[in-house]
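User: I'd like to learn how to read a fold from its coordinates. Could you walk me through this one?

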Amino acid sequence: MTFSLGPRAISAGYRLAAFDSIGSTNAEAISRAREGDYGPIWFVTSEQTAGRGRRHRPWIAPRGNLASSILEVIDVSPAVAATLGFAAGLALEAALQRVSIEASLRAAGSDFMKFSLKWPNDVLAGRQKLAGILLEAEAMPDNRLAVVVGIGTNVVAAPEGTPTPATSLAALGVNIGAEELFGALSDSWTEFRGIWDDGRGFGEIRRLWLERAAGLGQPVAIQMGGTSIEGTFDTIDDTGCMIVRTADGKRVPISAGDVYFGSAASAGAA
């Protein structure tokens, strides 16, 4: 198979740049924006050799996994643009549900086929990381923002030794290719990008995201450099911050950090 956009994405005017192999789809997207391509355009490959995740951690996609980035240039503030990551999580979760129907039926009642969204930017299968999302933005000469949302999904293989144990679709019994997943993703992105509506629809995105949130109402620890905040994951606010309710009843907004749930949280998530 070759990469192709889904019918909804084509109708919405999205374009596609597919690569046999590339260093980083996010880097390519930012480079194209600097050259004057204002999108909307997808950059996609099944082999990424120099990708990165949050906090500059490497994100390597061995051949068969999906590395994809969407470039859109929009007239919003950086704070509003940041909330687009939640729409991306919803889009990927919807695409995963679509391509894994048969495996889900075989695993009826099993937790490992339950997809959920981990704040701020991961998709989990059970308690294992299946995908990560990285959002980057850069101001353009006309004062609009070039926003790039990178979405990396473990289709055939998962890395070892990660802070959160990782899995792949193949390990879950979902035997599809990166190309099929991307087609579904491009269509679901069109849907949830439309709901987000340059931030005007974040209230609805927030509601849908919370319905799928991992660890909501559970003990949580957030590591931020050398400090840690522990409490209960209460909600996300209207800016996308995680709200943690501490033991003394304070509601603390968290804008960034590494999140650990359950026993890892109670143990301090060292």
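Analyst: We'll go through the overall make-up, the cores, two threonines, the cavity and some backbone oddities. This is a predicted model, where local features need pLDDT of at least 70, side-chain atom pairs count only at pLDDT 80 or more, and totals for chains, interfaces and linings use all residues. Residues are numbered from 1 along each chain as its sequence is written, and side-chain values use heavy atoms, with hydrogens and water left out.

User: Fine. How many helices and strands does the chain have?

Analyst: The chain comes to 8 helices and 12 strands. Those are DSSP runs numbered from the N terminus: H or I for helices, at least four residues, and E for strands, at least two. Of the 270 residues, 52% are buried; buried means under 20% relative accessible area, exposed over 50%, and partly exposed in between, with a 1.4 Å probe and protein chains only. As for contacts (heavy atoms within 4.5 Å), residues 24 or more positions apart account for 65% of those with a separation of 6 or more.

User: How do I read a nonpolar core, and which residues touch the most other members of the largest one?

Analyst: The general idea first: in soluble globular proteins, nonpolar side chains tend to be buried together. A core here is a set of buried Ala, Val, Leu, Ile, Met, Phe, Trp, Tyr and Cys residues joined through side-chain atoms within 4.5 Å. The largest has 63 residues, and W42, L66, V149, L181, W189, W209 and M242 touch the most other members. Helix α4 (residues 84-99) gives this core its largest share, 10 residues. Apart from it there's another core of 11 residues, A17, A33, I41 and L71 among them.

User: What does A33 touch in that second core's neighbourhood?

Analyst: A33 lies in helix α2 and is buried at 2% relative accessible area. Beyond four places in sequence, A33 is in contact with Y38, L71, M140 and A146. The C-alpha atoms of A33 and V73 are separated by 8.1 Å, with their positions 40 residues apart along the chain.

User: And M242, back in the largest core: what is in contact with it?

Analyst: Leaving aside neighbours within four places, M242 is in contact with residues including W119, V220, I222, F233 and T235. That brings us to T235 in strand β9 (residues 227-236).

User: Is T235 buried or exposed?

Analyst: T235 counts as buried because its relative accessibility is 12%. Its side chain makes a polar contact with the side chain of R206 at 3.0 Å. By polar contact I mean a pair of N or O atoms within 3.5 Å; within protein, one must be able to donate a hydrogen and the other to accept it, and residues adjacent in sequence count only if both atoms are side-chain atoms. For comparison, take T45 in strand β2 (residues 41-45): T45 is buried at 0%, and its side chain reaches the backbone nitrogen of E47 at 3.1 Å.

User: How do I look for empty space, and what lines the largest cavity?

Analyst: Rolling a probe the size of a water molecule over the atoms shows where empty space is left. A cavity is a set of points, on a 1 Å grid over the protein atoms alone, where a 1.4 Å probe fits but cannot get out; lining residues have an atom within 4 Å of a point. Grid points are joined across faces, edges and corners, and the volume is the space filled by probe spheres set on them. The structure holds 1 cavity of 30 Å³ or more, and about 40 Å³ of space lies in the largest cavity. Its lining is G85, F86, G89, L117, K118, P120, N121, D122, V123, I133 and W209. Helix α4 gives the largest share of that lining, 3 residues.

User: Last one: which peptide bonds are cis, and where is phi positive outside glycine?

Analyst: Most residues other than glycine have a negative phi, and most peptide bonds are trans. Here a cis bond joins G39 and P40, with omega about 0 degrees, and P40 sits in the loop between α2 and β2. Another cis bond joins W119 and P120, with P120 in the loop between β4 and β5. Phi is near 55 degrees for D197 and about 55 degrees for D198. D197 is in the loop between α6 (178-196) and α7 (202-211), and D198 is also in the loop between α6 and α7. D197 counts as partly exposed at 31%, and D198 counts as partly exposed at 24%.

Methods
On a 1 Å grid over the protein atoms alone, a cavity is a set of points where a 1.4 Å probe fits but cannot get out, and a pocket is an open set with protein on both sides within 12 Å along at least five of seven lines; lining residues have an atom within 4 Å of a point.
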